[in-house]
Each structure stands twice: as structure tokens, then as C-alpha cells.
Amino acid sequence: MSETGKPINRIDGRLKVSGKATYSAEFNQPNMAYAFPVRATIAKGKIASIDDAAVKKEPGVLSVISHKNAFRLKPLDIQAQMKAGAAFLGENLPPLQSNIVHYPGQFIAVVVAESYEQARAAAYKLKVRYTVEKGATDLKTELLKSKKPKMFMGEEAQVNEGKAAASLASSTNRVDHTYSTPVEHHHPMEPHATVALWENSDQLTLYDATQGVGLTGTIAAYFFGLKPENVRVIAPFVGGGFGCKGLWLHTLLVAMAAKAAGRPVKLALTRQMMQTNVGHRAATIQRVALGTDANGKLSVMRHHTDSYNNLTEFFEPSGKQSLVLYEAPLREVTYNVAKLNRGTPTFMRAPGETPGTFALESAMDEMAYKLKIDPVEFRIKNHTTKDPMKGHEFSSEFLLDCYRIGAERFGWSSRNLEPRQKRNGKYLVGYGMATATYPAGRSASSVKVVMKSNGDVTLLTASIDIGTGTYTVLAQTASDALGVPVERIEVKIGDSALPPSPLAGGSQTTASIHPAALEACKLLRAQLAALATADPASKLNGRKPEDIGYADGKLFVTADPNKAESYTDILKRAKRNEMEACATTQPISGAGLTIPGALCTPREIPADQNSDIKQHAFHSFGAQFAEVWVDEDFGTIRVTRFTSVQDVGRIMNEKTARSQIIGGVIFGIGAALMEATEYDKRWGNAVVRTLADYHVPVHLDVPPIDVHFIGKPDPHISPIGARGIGEIGITGVSAAIANAVFNATGKRVRDLPLTPDKLL
Amino acid sequence: MRAFKFSKAADAGNAITLVSANTGARFLGGGTNLVDLMKEDVMHPTELVDITRLKYADIKKTGGGVQIGSTATNSYTANHETIRQEYPLLSMAILAGASAQIRNMATNGGNINQRTRCSYFYDVDMPCNKREPGSGCGALRGINRNHAILGWSEKCVAVFPSDMAVALTALGAVVNVEGAQQTKRSIPIGDYHRLPGDNPEKDNTLKQGEFITSIELPENDLADHSYYLKIRERSSYAFALVSVAAALSLNGSRISHVRIAMGGVAHKPWRASLAEKWLAGKDATEENFKAAAEAELKQARPLEHNKFKIALAKKAIIRALQGAMAGGAYGLHDKTDQG
């Protein structure tokens with residue numbers, strides 16, 4: 001029976017629950033010192049002076065680094081960085097290179113001391129004087145000066161600008177509303193931490209909590225002027241990422257500190273720093289207008305987003321799903337982006353779709369109600385089987401099944417079209433649903449497989465397991481591809497010295513590394529078969545490669561399975577201690593992530609094995625169903641059950657996959673009901689600063705979550721057939737909940753999160 | 001966190017002597033709030049005197065009620081049989097606060113001495129008269145959704161975060177303290193915490209070096225009809241938007257005694273005296289509960305972002321009284337209850 005798909009436990013689970021999995025901050029080094037950053041207390045301006053005399057008198061202090069004495073990093077040069085694969089910084093601000101302050105909380109100095117406590121205590125004594133300038137701290141004010149970005153991640157940002165108005169005006173039915181979403185923070189369980197270790201002046205090792213070891217190494221090499229191969233980044237375990245563990249400034253800062261101190265240095269961010277220094281999801285103000293004909297068919301969709309950025313070109317792409325979902329002859333998707341003196345926004349779990357599906361799928365619910373059509377029926381009526389912009393077929397798409405199965409599992413048919421019809425004691429009960437979607441991708445990735453003469457197998461790639469189950473599913477793939485039990489397979493990842501892989505982002509890891517793993521195993525089998533068939537002492541001697549099968553650690557003659565020989569016998573007779581093979585996944589053309597490092601060649605999977613983006617549109621889909629109970633006296637909302645049906649291609653491990661969707665739904669419950677970081681516009685500071693104020697769901701907020709997978713392999717994404725699942729689980733969730741609140745109460749809340757004050 | 005001197009007190013006298021002698025010294029109980037404040041550099045005591053080993057952890061019956069020790073943990077207190085049976089309001093309130101892990105560490109004395117969670121107080125880069133007198137109140141014209149609607153001053157609009165103290169206020173508790181030279185005082189809970197006035201830096205009326213030995217709970221006839229209702233933004237581990245401790249005794253359908261206190265609305269636990277006065281001797285009807293809530297909240301003054309708290313507080317008073325009528329802990333609880 002196939003291992004792939006089985007709900008096996010994580011092969012690294014025991015290490016994690018027994019505390020033996022080593023995370024970045026735990027890689028203590030001999031003679032290690034500690035760094036604690038000093039942060040700007042103004043939103044905008046210049047550092048007029050820094051006085052470190054008092055700091056230097058504090059016990060244990062080794063070094064105080066500011067823009068006045070910091071190591072000079074290579075300056076920003078986007079073209080040169082692109083060429084070097086080093087363009088992808090969390091924010092374009094090499095640390096401590098100038099006296100300019102761009103946002104409150106920006107790192108402006110770092111104190112290095114013998115202990116963490118000494119570094120932290122001494123850091124308070126740094127005297128900083130500023131020349132304060134008026135900061136851009138209020139989104140609504142700054143939007144007046146906003147820009148219309150031309151591009152987003154290589155795609156046109158403004159689509160059909162101004163073209164929807166006439167069609168909307170002539171539509172039989174129209175909804176047109178403004179939806180807003182707040183700043184959200186990633187807050188993975190493991191705070192960011194880095195240990196930096198220099199050998200000589202040209203070899204740098206970073207133990208870094210990162211979603212991409214190769215990426216981090218390449219960027220660090222660029223700014224320190226090192227050869228990429230002289231920077232090694234190690235992250236065997238990462239305690240969650242959600243998009244905030246790309247390369248942020250503390251990683252460069254600690255390497256600078258280690259250089260200055262001449263010792264290994266550790267820097268671990270505090271929770272408060274994670275609110276300012278490692279990105280966030282920007283707030284959005286979205287206006288969505290839909291028009292239909294008399295039959296309820298969409299004639300036009302318009303989705304405009306107002307948002308902001310700072311120090312990168314990234315902005316929250318919340319119109320993305322509005323270019324993919326539903327059949328509508330015309331759609332307009334546009335953006336205005338202001339600039340704020342606030343920590344830099346970045347990718348956060350389903351960037352774009354998370355706030356975007358809240359707006360679009362709320363609007364769809366509003367239109368369905370206006371038309372007095374069931375919201376599921378309305379979506380089915382407007383379903384598209386093709387990418388509506390490019391006209392390509394979807395590589396694999398079962399969204400209608402998601403609606404149907406979801407509605408059945410949830411018991412949707414008992415929903416009332418009219419709100420306020422269902423009560424349970426003092427609670428109003430409501431049902432809501434929404435469509436989920438997220439793009440799929442496949443990037444270049446190399447995976448090496450090594451088999452020892454005792455039959456043990458090791459898989460090696462520089463990919464990362466941010467908690468998703470990468471270790472486990474790789475072992476499952478190799479188990480099937482070699483006929484070796486999972487227990488005999490070791491997976492080594494999270495080290496930039498291993499064959500290159502993309503960062504763990506964009507829900508691409510599974511689609512990227514598994515085709516290479518599969519091919520590498522196939523190549524290994526072919527090498528073993530070549531040894532055996534050429535060996536007169538083998539039972540397989542003289543057979544053709546196509547006549548050879550494999551199972552249970554053996555090769556055999558397909559037509560005569562008794563003629564078999566174990567891998568170990570083949571290797572031993574050939575006096576080989578081990579044998580290895582490496583293969584590389586071809587990216588989907590035009591859609592792959594940048595891959596740092598040398599891919600293994602020439603053993604690439606032929607490009608024609610998989611279809612490319614010119615022939616197919618690659619997207620995952622799903623349907624989200626929520627039941628809520630609302631206590632109208634208090635405006636409190638309880639999500640009481642949730643059904644999520646996902647069409648994400650083949651499921652690699654039913655257990656880890658389910659966990660991804662459950663996690664996504666919980667993330668969405670947080671976004672719907674409680675998560676928000678607010679800022680004081682007078683100073684630009686966040687007034688939500690810790691996990692005590694930044695509310696994420698507790699156990700009691702999480703209902704039973706029914707997850708169902710369509711499970712049909714995508715024939716075009718890869719020979720494996722699995723698209724990514726890390727992000728789609730959150731999409732549509734907040735809309736499903738807000739729509740359920742409308743069904744319960746008749747109140748339409750268009751501003752997240754749905755805290756009690758908004759329903760009172 | 002800055003360097004500080006640390007010692008373990010041998011006995012209460014020793015602890016009081018040490019803390020009285022140094023204005024920078026603080027008692028250290030469970031540390032669940034003080035240590036956080038030190039890590040954020042909001043407080044920087046020069047000396048901590050550990051009192052967790054002192055023998056003030058008993059809960060015992062006295063002639064006129066029950067005495068709970070100041071160093072007993074919140075968890076121990078909430079789960080103590082006498083408290084559960086005779087003061088269920090206190091159990092409910094404690095269990096509505098913080099998380100199980102924090103309650104296992106936090107002491108009763110520390111609970112009523114905890115400091116506001118106003119983020120302007122916590123962020124040392126922001127103005128705050130409580131942290132730094134004279135620097136201004138950041139929240140007054142800032143983000144003040146979670147702030148006071150009653151009893152605030154231009155100097156401070158923070159709210160007191162404890163749930164336990166709200167129940168203690170409704171129960172008319174008395175705080176017993178001991179200071180230098182064995183001077184002892186008994187402070188009614190209503191006089192223990194302060195409104196901010198011109199000195200928001202003072203949370204309460206405790207003097208430097210005074211050590212809480214116990215908290216007295218007078219006997220009452222409220223145990224059968226008491227309820228603690230907490231409205232918050234998630235189901236646990238969140239401070240109250242508004243909370244209400246309600247307890248009453250009945251003579252037929254008529255209210256003979258009623259106690260109401262609110263949390264999340266003021267710089268101290270807010271005894272709803274106007275509502276109590278309105279209800280005394282009246283029938284326990286929803287209509288009367290509503291009128292009582294209106295009477296209490298008439299004096300409320302909202303800030304820019306917290307007008308909703310007035311409506312919420314009124315509804316919460318009504319629901320808490322209904323909960324108390326229904327038999328307290330056994331009346332309103334179901335798996336989806338916010339309380």
C-alpha cells in the first residue's frame with residue numbers, strides 16, 4: 001500500500017515534544033556573547049546624537065554599535081541584488097548605515113554584552129537625541145497622496161482601471177460597499193533568533209529562524225561582500241513562519257555584532273519587537289462593487305484596494321482572488337498605495353486573499369441576499385472553469401464539488417435565507433459560507449538521495465519545515481519511490497549547504513521538492529538496476545531496465561517476481577558503501593521563486609513532463625462553512641462549528657494536511673473576531689504590543705472543524721499531483737463568519753475584526 | 001530589566017523591615033505582573049524581597065467570616081472548598097481571570113496589587129502619568145477603547161484589571177496589612193484602591209513597606225444567588241471589556257440584600273452603589289434590574305472609542321443579576337457562555 005497520503009505521525013514529532021529538536025536560539029556556541037537592540041522612539045527624523053558613555057560603564061558590555069561605528073555593509077542596489085539573488089529583504093534598510101529613522105521601533109543601535117541580561121540592562125542607558133520630523137502615521141490622510149503602483153510581483157497591478165463604471169451603471173442589480181481589515185501580525189510561536197559565528201573574516205555561519213536558508217545566506221553574503229558559498233545558514237527546525245521569517249534586519253545586525261565583538265553572538269527578538277521589526281499584514285480599505293443581470297449572472301466585478309507600504313514595493317494584494325473567481329465578462333482590480341512611517345508590511349499567510357476574500361465574499365453574500373438566492377446557488381451559477389483573465393483551463397478544479405460536499409456535510413439546507421430566524425436560548429444562530437482560493441506554484445528545487453549498503457536512505461535538500469510536515473511527507477514520497485519503509489529513511493533539511501530549494505513560502509514547498517525527490521529516487525533505482533543487470537552473479541543479469549520492478553527494498557523481474565535481489569546485496573557485491581542520485585524540479589515557467597545556489601545538473605526532470613503556465617492556470621479552491629451563535633446583548637460571537645472542503649490536489653499525508661487546514665481556519669477565526677494591531681496616529685506607535693493585547697483564538701474559541709479533501713491529484717502541477725495547502729485554509733474564513741453573523745443578526749459588519757463594540 | 005538586589009524574607013517582620021527601608025524595594029509574590037513590568041522597563045525596583053515562602057497561605061474560618069491568606073495562590077483560593085461553597089462569587093471571578101498557568105503562580109495579595117494593562121503605561125516611549133507623573137495621559141486622546149467610563153480624570157483614564165478584586169468589592173472584603181513597627185491596619189476594599197484624581201501614580205492606599213497579611217470576607221447570605229459575568233474579546237486569557245459581580249439575597253420575590261461591582265470600567269473596582277440603592281427592597285424583576293443599571297450608568301462619561309461600554313455595562317448588570325437569581329454558577333453556564 002502506498003505510504004503517500006497515509007496519516008502517519010510526524011517523523012520529527014518525538015524530537016519536538018521531547019524538547020530535543022534544536023531551534024535557532026538553542027545553538028549556543030563556546031564564548032558566545034549576547035546582543036540586544038536599541039530601537040527608535042520616533043516615527044520619522046534623524047538621530048542627532050548618540051551618547052554611549054553610560055552604556056560602556058555597565059557591567060559586561062563588550063561593544064555598542066550604531067550608525068557611527070557600524071561595519072559598512074554593501075549599499076542597497078536593487079539591480080545588483082537581483083542579479084545576486086539578494087533582493088528579497090523584508091525591508092530595504094541595511095541596518096545602522098545611516099542616521100535616518102523611518103518608523104518607530106527601527107533598530108538604531110545594538111549593545112553586545114557577556115549575558116543577555118547585561119546587554120538588555122545596558123541598552124536602556126543609551127542616550128539618543130533626535131531631530132524629529134512629522135511622520136506619516138494616519139492611513140486616511142496619507143491615502144490622499146497615495147500612488148498607483150504599476151506592478152506587483154511581476155504582474156500588472158492596475159487591471160482595467162476605470163472600465164467597470166459603465167457596466168456597473170447598466171447592471172440590473174448592484175452592490176457597492178467598502179470593507180476594511182486591520183493590521184495583523186504573524187506571531188509564530190518561536191520568536192525570531194539568530195546566532196552568528198565568524199571564522200576568519202570571510203566565513204559566516206548563521207543559525208537563523210528563517211523560512212529560507214538559501215535566501216538568507218545569499219542576502220547576508222551580498223551585504224557583507226562574501227562569496228555565497230562562504231555563508232552557511234542552518235535552521236533544522238523553525239517554530240512557525242507565516243511569512244515573517246524571510247530576511248529581516250536582526251539577522252544582519254547580529255552578524256555585524258559578532259564581527260565587532262570578535263565572538264559568536266546571539267540575538268533573540270522580544271515579542272514586542274515582533275510587533276514592529278519583522279513585518280505585518282497591512283491594513284486595507286477595499287471597495288467592492290458587483291453587478292448582475294436579471295438572472296443573477298455576474299456582469300461586472302470591481303475591486304479597489306487602498307493600503308500602504310514602507311521600505312519595500314510590497315503591498316497587500318487583496319484584489320488577487322477577484323481576478324480568479326467567478327465568470328464575469330468584465331473585472332476591474334486596482335490599488336492605491338500610500339507610504340506610512342510604520343514597520344514594513346510583508347507577506348502574511350495568504351497575502352492578498354486573506355483580506356481580499358473577506359471583501360469579495362462578503363459582497364457576494366450581499367448580492368445573493370439582494371437577489372434572494374441561496375449564497376451557494378449564487379456561486380454555482382457564477383462558477384468559472386477557466387482562468388477568467390487569461391482564458392486558460394485550470395490545471396485541475398473541483399470547486400463545485402467543494403460547494404456540494406461542504407453544503408451536505410455542514411447541513412446547509414437548513415439555513416434560512418432571511419436573517420434572525422434561528423435562535424437557541426439567548427443566542428441568535430446563523431450560517432455563512434465563502435469560497436476559498438489560493439494560487440499554486442512550483443519552483444526549481446534539487447533533492448539528493450543517498451542509499452547506504454545497509455539499505456538506509458537519506459534525503460537531502462535545503463528546504464525548511466516551518467511546522468507543516470516537510471520532513472514527514474518527504475520520507476513518505478521516498479518510501480514509495482524506493483520501496484523502503486519510512487523508518488529507514490532520514491530526511492536532512494534546513495541547511496544551505498544542502499542541495500538548493502526555495503524558501504518555504506507561497507504554498508510551494510510540496511509541489512517543488514517532491515517531483516525532484518521522486519525523480520532522484522527513480523534515478524537511484526536505475527543505477528542499482530544497471531549494476532544488477534550488468535552483473536553475471538545477479539538474478540537480474542541481462543534484463544532490460546523496463547522489465548525491472550521494485551518493492552520491499554528489492555528489485556525484481558516484473559514478469560517473474562521470484563527473480564529478485566535486494567538493494568543491499570546489489571551494493572555489497574559491487575563493493576559500494578553508498579550510492580546517490582540528485583534531481584531537480586523544473587519550475588512552472590514564469591512562476592517560480594528565486595533559487596539560491598547551484599541546482600544539481602544534468603539530471604533534471606524534462607521540462608515537457610509538466611505543463612506550464614502558458615497552458616494552465618494553477619489554483620487551489622475550497623468552500624468554507626461557518627455556524628455562529630451571537631449574544632446580541634453583548635455583541636459577542638462564538639463560532640460553534642466549521643466545515644472546510646478543499647480541492648488542493650493530491651493529499652500527501654492526511655494528518656499533516658488536515659492540521660494545515662485546521663490551523664488556517666483558526667487563523668481565520670482570529671482574523672474574523674479578534675486580531676488587530678492599532679496605532680496611535682500622534683506618534684505612530686503600536687498600542688497593541690504583546691500577546692496579551694494581540695488576541696489570537698484560545699482553545700475555547702475554536703469549534704470542531706470538519707475538514708474534507710477532494711483529493712484528486714492535479715495532473716499538471718507535477719507527477720506527484722499535490723498543490724500547496726499552507727495558505728488556502730485561511731482564505732474565505734472571515735467572510736464565512738461575517739456572513740454567518742449577518743444571517744444570525746441581520747447586521748452586516750464590513751470592518752474586521754468583529755469585536756463586540758461593532759455589533760452593539 | 002535592570003539589575004536589582006534579591007532576598008528571601010525569613011518572616012513577615014523581616015520582609016517589612018527590608019521594604020520599608022528602601023523606597024526602591026518591592027515585595028515579590030508570584031511575579032506574574034511585576035516581572036513583566038520589569039522586563040519592559042516600566043518598573044525598575046532596586047530590590048525584590050521574596051515573600052512566597054512566608055506562612056500567609058492559609059484559608060480559615062474566623063468568627064465572622066473567612067480569612068484568606070495573602071500568599072495563597074489564586075488557584076488554591078478559587079478551588080478551596082470553603083470559598084466555593086460560601087463565596088462562589090469569588091471562585092467564579094478568580095477563574096475568569098488570566099490563565100490556569102498564571103493563576104497557579106499569582107498570589108492573592110499580588111492580584112489586588114496588579115497594575116493597569118493600559119498600553120500607554122506599558123510602552124515607555126509613550127507619555128503616561130501613572131508611570132511618569134507629569135508626562136501626560138497618552139490614552140486620554142489616544143486609542144482608549146479599553147479604558148474607563150467612570151471616575152476617570154484628565155490625568156488618567158486607565159482601568160484596574162483584576163477580576164478577583166471586583167468580587168472582593170461586591171463581597172465587602174477587608175484588607176489586613178502590617179507595616180513597620182508591627183503597625184496593623186484593616187482597610188475596607190472600597191478604600192483600598194483609588195480613583196486616579198491628580199495622582200494616578202498611586203494605584204492604592206498601601207504605604208511603602210506595608211505587607212498584606214490577609215483578606216477578610218465577612219459572612220453573608222449571598223452564596224445561593226451570586227454570579228460573575230465577564231465580557232471579553234475571546235473566551236479566556238483576556239481582560240474584561242466589562243465585568244459584573246452580582247450577589248443578592250431574597251425575601252420571597254423581594255430583594256433583601258444586593259451587591260453589585262463592576263470591572264473594566266474604572267481605575268478601581270466599581271461598586272455600583274446607585275444600582276444597589278435603587279434595588280434595595282424592590283422586586284427582583286428584569287424591569288427593576290434595567291432601571292438599576294440605568295441609574296448606575298447615568299454618571300458614565302465615555303471617551304472617544306469606548307461609548308459601547310456604557311450599553312455593554314447596562315446589559316451586563318442585568319444579565320449578571322439574572323445569573324445570580326438563577327443560582328449563580330449553576331444557572332447560566334453552558335459551553336458557549338462567555339462568562
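Which residues of chain A are linked with Asp365(A) in a network of salt bridges? I looked this up to begin with, and I found that Asp365(A), Glu366(A), Arg748(A) and Arg750(A) are linked in such a network, where a salt bridge is a side-chain nitrogen of Lys or Arg within 4 Å of a carboxyl oxygen of Asp or Glu.

**Entry: ground rules**

I note that this is a predicted model, in which local features need pLDDT of at least 70 and side-chain atom pairs count only at pLDDT 80 or more, while totals for chains, interfaces and linings use all residues. Residues are numbered from 1 along each chain as its sequence is written, chains are lettered from A and ligands numbered from 1 in the order in which they are written, and side-chain values use heavy atoms, with hydrogens and water left out.

**Entry: salt bridges**

I counted by the rule above and noted 61 salt bridges over all chains. Within chain A, I looked at Arg573(A), which pairs with Glu565(A), the closest N and O atoms being 2.5 Å apart. For exposure I used relative accessible area, taking under 20% as buried, over 50% as exposed and anything in between as partly exposed (1.4 Å probe, protein chains only). Arg573(A) counts as partly exposed because its relative accessibility is 34%, whereas Glu565(A) is buried, with a relative accessible area of 8%.

In chain B, I found a salt bridge between the side chains of Asp50(B) and Arg53(B), at 2.8 Å from N to O. Asp50(B) is buried at 7% relative accessible area, but Arg53(B) counts as exposed because its value is 53%.

**Entry: the interface of chains A and B**

I then asked how many residues of chain A are in contact with chain B. The answer is 40, and they meet 39 residues of chain B, where contact means heavy atoms within 4.5 Å. The size of an interface is often given as the accessible area lost when the parts come together. The area buried between chain A and chain B is about 3600 Å², of which carbon and sulfur atoms give 54%; buried area is the accessible area (1.4 Å probe) that two parts lose on being put together, summed over both. In chain A, Tyr124(A), Phe634(A) and Arg638(A) lose the most area to chain B, together 18% of what that side buries.

Across this interface I noted six salt bridges. One of them joins Asp633(A) to Arg319(B), with the closest N and O atoms 3.0 Å apart. Another joins Glu40(B) to Arg689(A), with the closest N and O atoms 2.8 Å apart. This pair crosses from the loop between α2 (34-39) and β3 (47-50) of chain B, where Glu40(B) sits, to the loop between α16 (654-673) and β30 (705-709) of chain A, which holds Arg689(A). Both Glu40(B) and Arg689(A) are buried.

I also looked at which elements give two or more residues to the side of chain A that touches chain B, and these are α4 (116-123), β28 (619-631), β29 (636-647) and α18 (756-759) of chain A. Helices (H or I, at least four residues) and strands (E, at least two) are DSSP runs, numbered from the N terminus. The largest share of that side, four residues, comes from β29(A).

**Entry: Pro756(A)**

I picked out Pro756(A), which lies in helix α18 of chain A and counts as buried because its relative accessibility is 4%. Leaving out residues up to four places away in sequence, I found that Pro756(A) touches Phe634(A), Gly635(A) and Thr636(A) in chain A, and Arg232(B), Glu233(B) and Leu241(B) in chain B. The C-alpha atoms of Pro756(A) and Phe642(A), 114 residues apart along the chain, are separated by 21 Å.

**Entry: two more buried residues**

Is Ala722(A) buried or exposed? I found Ala722(A) in the loop between β30 and α17 (733-745) of chain A, and with a relative accessible area of 1% it is buried. Its contacts, not counting residues up to four places away in sequence, include Thr510(A), Val648(A) and Met652(A).

In chain B, I looked up Thr77(B), whose place is in helix α3 (residues 74-78), and which counts as buried because its relative accessibility is 0%. Among the residues that Thr77(B) touches, not counting those up to four places away in sequence, are Ile59(B), Leu90(B) and Asn108(B).
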